[in-house]
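Here are some short exercises to help you find your way around a protein model. Try each task on the structure first, then read the solution.

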Amino acid sequence: MQKKDVKKIIFVGEAGLGKTRLATEFLKIGKERGLNCFLASADEVQMSTPFHPWRIIFQHILGVDEYGVAGNEFNRRYSDSGCKANHMGTLKERLTTMGLSEEFIKLIPLLDSVLSIGLEDNQRTTKMRGEIRAKNTQKFLCEILRLYCMSTSFVLVVDDGQWFDSMSWALISIVSKIVPTFHVVLFTRPIPSPQPTEFKNFEQTCSRFVMQSMPDDDCVQLVVQILGVDKLPFAIEDLIRERAQGSPLFSSELALSLRESLSASGENISSQLSEVDLTDFTISDTIEGLITSRIDRLTASQQLTLKVASVIGREFDFLLLIQIHPTENEASIESDLDVLRYHELITPCRNGRETSYIFKHAAIQEISYSLLPESRKIELHTKVVEVLEFQHGNVHATLHPILAQHCEKAKIWDRSLRYMSSSGAEALRNRAHIEAIDWFK
């Protein structure tokens, strides 16, 4: 990008081809070179929430987050009183320092559509609806990014772009045109038709690369790297070439499965590999089978914690996990999470929060969830709803999309409809028509 003055790149590839791993490397390299690098990670659960991938970025730039100033951390995050903490003073000071005009300062409540901190409309913004509100919000966000990027290059790394909402696509497209120091590296699965107009407009201005299957030799080297050995026996190399079929995810799961099986004996992995008899191992032909076998090796407590976390979503919070876990034993759950991290099933969330985790791959979360019986799924989704509603339904509107989906999976139809309607109305208020249609249909 630096040598060829390329500002925007899209990498398109099917699931399992290493997009998330490559995105992580881009972030790492950019930060090592002193660049301002940010990750916008989209989420299927939040794909109908306007600007959701931008939330953590603008919270960082403006020095605010969704925590309030009173109560314990769990209450601050999920209760309405925490969300309504007075961030107005902080925002006014920060925006004035950045050089925004008084006209923008008067529109601060519009920022709540992205910041999600409970800013209430003032006399001026309360009258704004639909296109007028959307255009003013977009103009405000663009001006913040323009001023922020005046003194430094900004590299936005987008992961799981297929889950981006239309408003997020529009913002990326506009900012990348008007801000010379704004760069985008985007990773996405193929986006099916009909594609959002905002995405098509953005894609036309990008350098586009289609990710292919990994060469067999590279799959072998990936397994070597994960196992921490110099080379593999020919039999294992042949196994990888035969079954991986160019999938980095399959290769890494196979390596982790081998590592866990061999580590159980306590002997050096390298010495064991030279004597390994593959007939002693049951190695699945599928990614699903490999992940399932790794889960089966965990203790009953660790399996339960992994499955309960999968109910919350790809990203999950330790504080919420404790509240819905059948044991509610904080020390035991924390110990389980340490083991799950060691086995590379989960990792600390990349948004910087100490209590947030993310499944290493969406497939791990999906498979863990599928192992739960239907009755347990309904029970756990119901618990999530109860906790987020905080027993009184006193929940900030930004949580309504999440609640709508958990209510639907818990088969709580009346509240599911209520939260879907609320989410659709909020999307419509911000002129996010595609997202509004998704909620109302």
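## Getting your bearings

The protein chain has 23 helices and eight strands. Keep in mind that this is a predicted model.

**Exercise 1.** Work out how much of the chain is buried, and how its contacts are spread along the sequence.

*Solution.* Start with burial: 53% of the 441 residues of the protein chain count as buried. Next come the contacts with a separation of 6 or more: residues 24 or more positions apart account for 70% of them. Finish with the outside: the accessible surface comes to about 20,700 Å², and carbon and sulfur atoms hold 49% of that.

## The five-stranded sheet

**Exercise 2.** Find the strand order of the five-stranded open sheet, then say which strands stand at its edges.

*Solution.* Walk across the sheet and you'll pass β2, β3, β4, β1 and β5, in that order, with parallel pairing. The edges are β2 (36-41) and β5 (207-210): each has a single partner strand, so one side of each lacks a neighbour in the sheet. On average, neighbouring strands here are turned by 15 degrees against each other, direction ignored.

**Exercise 3.** Look at β2: is this strand largely enclosed or left open by the rest of the structure?

*Solution.* First check its partner: six bridges join β2 to β3, and the two run parallel. As one landmark in this pairing, Ser41 stands opposite Asp159 in β3. Then check burial: five of the six residues of β2 are buried, so the strand is largely enclosed by the rest of the structure.

**Exercise 4.** Now go to the other edge and describe how β1 and β5 pair, then find the helix that lies across β1.

*Solution.* Strand β1 (residues 8-12) pairs with β5 in the parallel sense, over four bridges. Phe11 is a handy marker, as it stands opposite Phe209 in β5. The helix to look for is α9 (residues 166-178), which lies across β1, β3 (154-159) and β4 (182-188). Its direction makes an angle of about 145 degrees with β4.

## The smaller strand pairings

**Exercise 5.** Which way do the side chains of β8 point, and how does β8 pair with β6 and with β7?

*Solution.* Begin with a rule of thumb: in a regular strand, side chains alternate between the two faces of the sheet. In strand β8 (residues 356-359), Ser356 and Ile358 point one way, Tyr357 and Phe359 point the other way, and all are buried. Now the partners. Strand β6 (residues 315-317) is joined to β8 by three bridges and runs antiparallel to it; Asp317 has Ser356 as its bridge partner. β7 also pairs with β8 in the antiparallel sense over three bridges, and here Pro348 is matched with Tyr357.

## Helices and loops

**Exercise 6.** Decide how α16 and α18 are arranged relative to each other.

*Solution.* Helix α16 (residues 300-312) packs against α18 at an angle of about 85 degrees, with the axes 9 Å apart. That makes α16 roughly perpendicular to α18, since angles from 65 to 115 degrees fall in that class. The residues in contact are Ser301, Gln302, Thr305 and Leu306 on α16, and Ser332, Ile333, Asp336, Leu337, Val339 and Leu340 on α18.

**Exercise 7.** Is Ser247 buried or exposed, and what does its side chain reach?

*Solution.* Locate Ser247 in the loop between α12 (234-243) and α13 (248-263). Its relative accessibility is 13%, so Ser247 counts as buried, given that the cut-off is under 20%. A polar atom of its side chain lies 3.1 Å from the backbone nitrogen of Phe250. Leaving aside neighbours within four places in sequence, Ser247 is in contact with Gly16, Cys219 and Ile287.

Now follow the link to Phe250, which lies in helix α13. Phe250 counts as buried too, at 3% relative accessibility. Beyond residues up to four places away in sequence, Phe250 touches several others, including Arg243, Ser284, Ile287 and Leu290.

**Exercise 8.** Where do Glu344 and Lys411 sit, given that each has a positive phi?

*Solution.* Glu344 has phi near 60 degrees and is found in the loop between α18 (330-342) and β7 (346-348). Glu344 is partly exposed, at 28% relative accessible area. Lys411 also has phi near 60 degrees, and its place is the loop between α21 (400-409) and α22 (413-429). Lys411 is partly exposed, at 42%.

Terms used: Residues are numbered from 1 along each chain as its sequence is written. This is a predicted model: local features need pLDDT of at least 70, side-chain atom pairs count only at pLDDT 80 or more; totals for chains, interfaces and linings use all residues. Side-chain values use heavy atoms; hydrogens and water are left out. Two strands pair if DSSP finds at least two bridges between them. Axes are lines fitted to C-alpha atoms, for helices over the stretch in contact, and angles run from 0 to 180 degrees between N-to-C directions. Contact means heavy atoms within 4.5 Å. Buried means under 20% relative accessible area, exposed over 50%, partly exposed in between (1.4 Å probe, protein chains only). Accessible areas come from the Shrake-Rupley method with a 1.4 Å probe; for residues, only the protein chains shown count as cover. A polar contact is a pair of N or O atoms within 3.5 Å; within protein, one must be able to donate a hydrogen and the other to accept it, and residues adjacent in sequence count only if both atoms are side-chain atoms. Angles under 35 degrees count as roughly parallel, over 145 as roughly antiparallel, 65 to 115 as roughly perpendicular and the rest as oblique.
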